Amino acid sequence: MSPEAILYIILFISAANYIFELVLDVVNLNYGKKPLPKAAEGIYEEDKYEKSMEYQRVQTRFGFLSGGISFIASFAFLALGGFGWLDGMFQPYFSNGIIRALVFFGALFVASDVLSIPFQWFGTFVIEERFGFNKSTPKIFIMDKLKGYLLGALLGGGLLYLLMLLLNNLGVQFWWVFWIAITLFTVFMNMFYTTLIMPLFNKLTPLEDGDLRKAIETYSNRVGFPLTNIFVIDGSKRSSKANAFFSGFGKKKKVVLYDTLIENHTTEELVAVFAHEVGHYKKKHIIQSLVSSVLQTGVMLFIMSLLIFSEKLSLALGADSLQLHVNLIAFAMLYTPISFVTGIISNVVSRKKEFEADHYAIETTNNVDLPLALKKLSVDNLSNLQPHPTYVFFHYSHPPLLTRLAAMQ
Ligand SMILES: [Zn+2]
């Protein structure tokens, strides 16, 4: 296959992906234009429902604008051989291929992030603000950016350095060595994310003594969940939206509740939400997700080992000879259709796990409090009550509220 043909394939994938997402968004947007559905009466007040639809509309339209601009920019950059050109710019200054790869990706990362900053700013301080969600300040926004860059440089840069080193020294054998390294890294991050990374952005405090802690402990003892760590995170620092999640495994497992969740729910509802998170643990969802992501990475790295040394990929992106870091970009784009499919499968599996966790929570608490909590959460977060089923199929990791409520009946 000629480099030109490869370029056309990459451009086709990029355009097809963009058009597909655009159509899905339009379909989903128009689906919401309906009167309050019967099943939702008593959950959403008429004006809240109207507000939630307005929120979806504003977000989707804003997505059209930001997504459109980013698509045009990246498509043009690709078609005009921008990646090869950029690499050529750095060639005279960095004779070491690994250093040049780091500079190359660093430049791409900074450029794309700078382009997206106005959109992130607008999304936070205009859209989220207008709907009453935003609690962030320009200072927090800027600090988040700086910390993000630092983390990206350290972790992303470190992994990239290792990958380039292995590619240069091991040839096609790089894939399984890097796979082992990535697996260790993933396990480490799973265990220490809440202790090492999250505290850079948020304050995590152990749930203080009181009625809630007592109720949660009583529940934990009853279901045999060895609880050492229940934490509260100051989500209210950035947004009034509420959430809860389970993190880590083994001795490092934690349930983290948002302060915004605790504020707006009764003790019984919070125990039910907690029970849902315990359900994820009891049904081994955390470990299953980890294993599946490790396997997916292995498959991806193996396929990568078949393509990454082909000079044609570099030529397709406008370089004049084989450049492994340019090939990484080409590979990432050629891999999109596969990751598209694995993404769908992950979402299907994830939605199934949500049903299972809901089921577990109801079995071990009662069938009133979890539905109540989910309804409240949905209203407070202005969730889309009636997303299009096709949109749900492709994009939702959690089933929509009405489906979850129906399943819990
Ligand atoms: Zn869940």
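Which residues coordinate the zinc ion?

## The zinc site

His276 and His280 each give their NE2 atom, and Glu354 supplies two OE donors, at 2.1 to 2.7 Å. Donors here are N, O and S atoms within 2.8 Å of the metal (3.2 Å for Na, K and Ca), and water is not among the atoms, so sites may look incomplete. This is a predicted model, where local features need pLDDT of at least 70, side-chain atom pairs count only at pLDDT 80 or more, and totals for chains, interfaces and linings use all residues. Numbering runs from 1 along each chain as its sequence is written, and side-chain values use heavy atoms, with hydrogens and water left out.

The angles among the four donor atoms run from 53 to 137°, and the site is irregular. That label covers anything that is not tetrahedral (four donors, all angles between 85 and 135 degrees), square planar (four) or octahedral (six), the latter two needing opposite donors over 155 degrees apart and all others between 65 and 115. Along the sequence, the donor residues follow the spacing H-x3-H-x73-E. His280 in helix α9 (residues 267-282) and Glu354 in helix α13 (residues 336-364) link distant parts of the chain, 74 residues apart. Helices (H or I, at least four residues) and strands (E, at least two) are DSSP runs, numbered from the N terminus. His280 is buried at 10% relative accessible area, and Glu354 is buried at 5%; buried means under 20%, exposed over 50% and partly exposed in between (1.4 Å probe, protein chains only).

## A kinked helix

Now for α6. Helix α6 (residues 174-201) has 28 residues, yet its end C-alpha atoms are only 34 Å apart, short of the 40 Å a straight helix would reach. That expected span is 1.5 Å times one less than the number of residues. A kink of about 80° is centred on Phe192, the bend being the angle between axes fitted to the seven residues ending at a residue and the seven starting there.

Buried residues of α6 include Phe174, Phe178, Met189 and Phe201. Among the elements covering the buried residues are α5 (138-170), β1 (204-206) and α10 (285-307).

## Asn327 and Lys284

Asn327 sits in helix α12 (residues 324-334) and is buried, at 0% relative accessible area. Its side chain makes a 2.6 Å polar contact with that of Ser314 (a pair of N or O atoms within 3.5 Å; within protein, one must be able to donate a hydrogen and the other to accept it, and residues adjacent in sequence count only if both atoms are side-chain atoms).

Lys284, in the loop between α9 and α10, counts as exposed at 53% relative accessibility.

Definitions and conventions:
Contact = heavy atoms within 4.5 Å.
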